[in-house]
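Subject: Handover of a protein structure

Dear colleague,

Please find the structure below, together with its sequence. My notes on what was found in it follow.

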Amino acid sequence: MMDGNILLAFGLTLFAGLATGIGSLLAFFTKTTNTKFLSFALGFSAGVMIYVSMVEIFFKAKDTLVGELGEVQGSWITVISFFGGMFLIGLIDQLIPQEGNPHEVKKVEDMAKKPSTLKDKKLLKIGTFTALAIAIHNFPEGIATFTATLQDPALGIPIAIAVAIHNIPEGIAVSVPIYYATGSKRKAFKLSFLSGLAEPAGAIIAYLLLMPFLTETLFGVIFASVAGIMVFISLDELIPAAKRYDETHTSIYGVISGMAVMALSLLLML
């Protein structure tokens, strides 16, 4: 069973990471950005992540740690690990150069401009930094998807889908400046694709470094940290991005829908 979970965890993490390539393809083969869809989808992704983190993952981690360490110590370690996950992803965010910030919204329409008039070393640098920033962001997301699936495949699947959805506009964010700077769709797609591979790389690192030492206590700490990481990503990245694409209240409808779908799926597993 564990071997099967490991393969599924790797597969879902790879699927989520490669969604950046989907964003890149959308930039090349569609003429306009469906802003309502992206706003709803990003909000939906945030709703899934926030609900599953606060309602399911946090309390599973707490139950594990309380069972191993006792009520007081287990509860304290759960909360410290939760905010420790937030601190980790926040620190990563601060270390990324501002010009490579992956939160910058790009639209498919931007691809319509002729690249020959837009070749610019600065644009190439921005695109490269964006790809690097997304790769760094995707690394802990890969660990989160992998460990969640390992603990409970029924949790891992919606988390992987939520991560994949929010990786699509990130693929656009990489492709647009790279295409501007080089005029090459191949180079833009390649860099976008490679930035997504950081997600399965995170899973591989988690497997190689953590599996040999994996105890119930360590799993509880990791799981609580994963909850913190996903809440931070949702509040700092997904919801603001959804609002920037938004026209009415589409993003908040997406958040509520994501929470409702996640709640229903957890109820059906009872």
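I begin with one residue, Ala16, which touches Ala160, Val163, Ala164, Asn167 and Glu199, leaving aside residues up to four places away in sequence. Ala16 is found in helix α1, which covers residues 2-29. Its relative accessibility is 0%, so Ala16 counts as buried. Ala16 and Ala160 stand 144 residues apart in sequence, but their C-alpha atoms are 5.4 Å apart in space.

Please keep in mind that this is a predicted model. The average pLDDT of the protein is 80, and 83% of the residues score at least 70. Among the elements, helix α3 (residues 71-95) has the highest mean pLDDT, at 91, and α4 has the lowest, at 75. Where pLDDT is low, predicted coordinates should not be read in detail.

The overall picture

The secondary structure consists of 9 helices and 0 strands. Along the sequence, this gives the pattern α-α-α-α-α-α-α-α-α. The protein has 270 residues, of which 52% count as buried. If one takes the contacts between residues at least 6 apart in sequence, 89% of them join residues at least 24 apart. The pair Ala16 and Ala160, 144 residues apart in sequence, illustrates such a separation.

Helix α5

Does the length of α5 agree or disagree with the number of its residues? At 1.5 Å a residue, the 30 residues of α5 should span 44 Å, and its end C-alpha atoms are 42 Å apart, which agrees. Helix α5 nevertheless bends by about 25° at Ile168, and a proline, Pro169, follows within four residues. The helix is mostly covered, with 24 of its 30 residues buried. Just after α5 comes Gly183, which takes a positive phi of about 75°.

The annotated positions

The UniProt record (an unreviewed entry) places the feature "binding site" at Asn138, Glu141, Asn167, Glu170 and Glu199. These residues span 62 residues in sequence, yet no two of their C-alpha atoms are more than 13.5 Å apart, so they gather at one spot. UniProt, again from an unreviewed entry, also lists Glu141, His166 and Glu170 under "binding site". These three are spread over 30 residues of sequence but cluster in space, the largest C-alpha distance being 13.5 Å.

Two of the annotated residues deserve a separate look. Glu141 lies in helix α4. Its relative accessible area is 1%, so Glu141 is buried. Residues up to four places away in sequence aside, Glu141 touches Val163, His166, Asn167, Glu199, Ile233 and Glu237. Val163, Asn167 and Glu199 are also among the residues that Ala16 touches.

Glu170, by comparison, lies in helix α5. With a relative accessible area of 3%, Glu170 is buried. On the same basis of counting, Glu170 touches Ile134, Asn138 and Glu237. Glu237 is also among the contacts of Glu141.

The salt bridges

How many salt bridges does the structure hold? There are 2 salt bridges, and they link Glu56, Lys60 and Asp152 in a network.

In one of them, the side chains of Lys60 and Glu56 meet at 3.9 Å, N to O. Because the cut-off for a salt bridge is 4 Å, a pair at this distance is counted. Both residues lie in helix α2 (residues 35-69), 4 residues apart, which is about one turn of the helix.

Lys60 also forms a salt bridge with Asp152, where the closest N and O atoms are 2.8 Å apart. Lys60 lies in helix α2, whereas Asp152 lies in the loop between α4 (121-151) and α5 (153-182), so the pair ties together parts that are 92 residues apart in sequence.

Are Lys60 and Asp152 buried or exposed, or in between? Lys60 has 24% relative accessibility and therefore counts as partly exposed. Asp152, at 15%, counts as buried. The two results differ because the cut-off for buried is under 20% relative accessible area.

As you go through the structure, I suggest starting from the annotated positions and then turning to the salt bridges.

With kind regards

Methods: Residues are numbered from 1 along each chain as its sequence is written. Side-chain values use heavy atoms; hydrogens and water are left out. Helices (H or I, at least four residues) and strands (E, at least two) are DSSP runs, numbered from the N terminus. Buried means under 20% relative accessible area, exposed over 50%, partly exposed in between (1.4 Å probe, protein chains only). The expected span of a helix is 1.5 Å times one less than its number of residues. The bend at a residue is the angle between axes fitted to the seven residues ending there and the seven starting there. UniProt positions are given in the numbering used here, feature names are shortened, and annotations may be inferred rather than shown by experiment. Contact means heavy atoms within 4.5 Å. pLDDT is the predictor's confidence in each residue, from 0 to 100.
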